Amino acid sequence: MTRLFTIALATLIPLAGCVGTGGVTEEGYLTELPEGLADSAAPGQNLTTIRILPEDGCYWYEHVGPVETTILPLRTRDNRPICSRAQGEEAAA
(Lines give C-alpha, C1' and ligand atoms only; values in the text may rest on other atoms or scores of the structure.)
Protein backbone atom coordinates (compact mmCIF):
# COMPACT_ATOMS: atom_id res chain seq x y z
CA MET A 1 0.00 0.00 0.00
CA THR A 2 2.86 2.39 0.77
CA ARG A 3 4.34 1.71 -2.65
CA LEU A 4 1.03 2.55 -4.34
CA PHE A 5 0.77 5.81 -2.37
CA THR A 6 4.35 6.71 -3.30
CA ILE A 7 3.65 6.08 -6.98
CA ALA A 8 0.45 8.15 -6.83
CA LEU A 9 2.25 10.97 -5.02
CA ALA A 10 5.15 10.90 -7.48
CA THR A 11 2.63 11.21 -10.30
CA LEU A 12 0.69 14.09 -8.73
CA ILE A 13 3.62 16.25 -7.56
CA PRO A 14 4.86 17.18 -11.06
CA LEU A 15 1.29 17.76 -12.21
CA ALA A 16 0.63 20.20 -9.39
CA GLY A 17 2.73 22.77 -11.20
CA CYS A 18 0.28 22.60 -14.10
CA VAL A 19 -2.33 24.48 -12.10
CA GLY A 20 -1.70 28.18 -12.70
CA THR A 21 -3.60 31.27 -11.70
CA GLY A 22 -5.84 30.80 -14.76
CA GLY A 23 -7.05 27.49 -13.29
CA VAL A 24 -8.45 28.95 -10.07
CA THR A 25 -11.77 30.69 -9.45
CA GLU A 26 -12.10 33.89 -7.41
CA GLU A 27 -13.10 31.72 -4.44
CA GLY A 28 -9.88 29.69 -4.81
CA TYR A 29 -11.38 26.51 -6.30
CA LEU A 30 -9.47 24.69 -9.03
CA THR A 31 -11.28 24.85 -12.37
CA GLU A 32 -9.35 21.84 -13.70
CA LEU A 33 -8.06 18.95 -11.63
CA PRO A 34 -4.57 17.59 -12.29
CA GLU A 35 -4.59 14.34 -14.24
CA GLY A 36 -5.10 11.35 -11.97
CA LEU A 37 -6.40 13.33 -9.00
CA ALA A 38 -10.02 12.25 -9.43
CA ASP A 39 -8.91 8.62 -9.81
CA SER A 40 -6.85 8.80 -6.61
CA ALA A 41 -9.58 10.39 -4.49
CA ALA A 42 -11.92 8.28 -2.40
CA PRO A 43 -15.59 8.35 -3.40
CA GLY A 44 -18.03 10.67 -1.66
CA GLN A 45 -15.84 13.80 -1.77
CA ASN A 46 -16.96 16.92 -3.64
CA LEU A 47 -14.46 17.23 -6.49
CA THR A 48 -16.07 20.43 -7.77
CA THR A 49 -14.83 22.42 -4.76
CA ILE A 50 -11.13 21.45 -4.65
CA ARG A 51 -8.50 23.94 -3.52
CA ILE A 52 -4.87 23.74 -2.44
CA LEU A 53 -4.06 25.37 0.89
CA PRO A 54 -0.69 27.12 0.85
CA GLU A 55 -0.07 26.23 4.51
CA ASP A 56 0.29 22.52 3.80
CA GLY A 57 0.21 22.12 0.00
CA CYS A 58 -2.62 19.61 0.29
CA TYR A 59 -5.88 19.40 -1.62
CA TRP A 60 -9.02 20.26 0.36
CA TYR A 61 -12.69 20.15 -0.62
CA GLU A 62 -15.80 21.89 0.66
CA HIS A 63 -18.18 19.64 2.57
CA VAL A 64 -21.74 20.86 3.07
CA GLY A 65 -23.13 19.19 6.16
CA PRO A 66 -26.55 19.45 7.81
CA VAL A 67 -25.33 22.12 10.24
CA GLU A 68 -22.33 23.82 8.67
CA THR A 69 -20.10 23.98 5.62
CA THR A 70 -16.44 23.27 6.21
CA ILE A 71 -13.35 22.27 4.26
CA LEU A 72 -11.94 18.78 4.66
CA PRO A 73 -8.71 17.23 3.37
CA LEU A 74 -9.09 15.32 0.11
CA ARG A 75 -8.18 11.72 0.85
CA THR A 76 -7.29 8.58 -1.06
CA ARG A 77 -9.27 5.35 -0.81
CA ASP A 78 -6.96 4.25 2.03
CA ASN A 79 -7.59 7.52 3.93
CA ARG A 80 -4.30 9.29 3.19
CA PRO A 81 -4.27 13.02 2.41
CA ILE A 82 -3.55 13.99 -1.20
CA CYS A 83 -0.96 16.76 -1.40
CA SER A 84 0.72 18.68 -4.21
CA ARG A 85 4.08 18.51 -2.40
CA ALA A 86 5.61 16.10 0.09
CA GLN A 87 4.74 16.71 3.74
CA GLY A 88 7.51 18.63 5.51
CA GLU A 89 8.67 20.22 2.25
CA GLU A 90 7.22 23.61 3.25
CA ALA A 91 9.57 23.72 6.24
CA ALA A 92 12.57 23.33 3.95
CA ALA A 93 11.41 26.10 1.60
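In this predicted model, helices and strands are runs assigned by DSSP, a helix having at least four residues and a strand at least two, and they are numbered from the N terminus. With that definition in hand, the protein has 3 helices and 3 strands.

**Exercise 1. The overall plan**

Task: State in which order the helices and strands of the protein follow one another, and how much of the protein is buried.

Solution: Reading from the N terminus on, the elements run α-α-β-β-β-α. Turning to burial, 30% of the 93 residues count as buried, where buried means under 20% relative accessible area. The accessible surface of the protein comes to about 6000 Å², and 56% of it belongs to carbon and sulfur atoms.

**Exercise 2. The nonpolar core**

Task: Find which residues make up the largest nonpolar core, and then list what I50 is in contact with.

Solution: The largest nonpolar core has 8 residues in all, namely L30, L37, A41, I50, Y59, Y61, L74 and I82. Taking I50 next, and leaving aside its neighbours within four places in sequence, we find this residue in contact with G28, Y29, L30, L33, L37, Y59, W60, Y61 and L74.

**Exercise 3. Two arginines**

Task: Decide which of the residues D78, R80 and R51 take part in a salt bridge.

Solution: The cut-off needed here is that a side-chain nitrogen of Lys or Arg must lie within 4 Å of a carboxyl oxygen of Asp or Glu. In the pair D78 and R80, the closest N and O atoms are 3.1 Å apart, and the two residues form a salt bridge. D78 is partly exposed at a relative accessible area of 29%, and R80 is also partly exposed, at 26%. For R51, which is located in strand 1 (residues 50-52), the nearest side chain of opposite charge is that of E62, 4.4 Å away, and R51 is buried yet has no salt bridge. The side chain of R51 is instead joined to that of Y29 by a polar contact of 3.2 Å. The count for the model comes to 1 salt bridge.

**Exercise 4. A buried glutamine in a loop**

Task: Describe where Q45 lies, whether Q45 is buried or exposed, and which backbone atoms its side chain reaches.

Solution: Q45 belongs to the loop between helix 2 (37-40) and strand 1. Because its relative accessible area is 14%, Q45 counts as buried. Its side chain reaches the backbone oxygen of A42 at 2.8 Å and the backbone nitrogen of R75 at 2.9 Å. Not counting residues up to four places away in sequence, Q45 touches Y61, P73, L74 and R75. As for Y61, this residue is 16 residues from Q45 in sequence, while the C-alpha atoms of the two are 7.2 Å apart in space.

**Exercise 5. An unusual backbone angle**

Task: Explain what stands out about the phi of N79, and say where in the chain N79 is placed.

Solution: Phi of N79 is near 70°, a positive value in a residue other than glycine. Most residues other than glycine have a negative phi. N79 is placed in the loop between strand 3 (69-73) and helix 3 (89-92), and with a relative accessible area of 53% N79 is exposed. By contrast, T70 lies in strand 3 and is partly exposed, with a relative accessible area of 32%.

Conventions
Residues are numbered from 1 along each chain as its sequence is written. This is a predicted model: local features need pLDDT of at least 70, side-chain atom pairs count only at pLDDT 80 or more; totals for chains, interfaces and linings use all residues. Side-chain values use heavy atoms; hydrogens and water are left out. Buried means under 20% relative accessible area, exposed over 50%, partly exposed in between (1.4 Å probe, protein chains only). Lys and Arg count as positive and Asp and Glu as negative; His and the chain ends are not counted. A polar contact is a pair of N or O atoms within 3.5 Å; within protein, one must be able to donate a hydrogen and the other to accept it, and residues adjacent in sequence count only if both atoms are side-chain atoms. Accessible areas come from the Shrake-Rupley method with a 1.4 Å probe; for residues, only the protein chains shown count as cover. A nonpolar core is a set of buried Ala, Val, Leu, Ile, Met, Phe, Trp, Tyr and Cys residues joined through side-chain atoms within 4.5 Å. Contact means heavy atoms within 4.5 Å.
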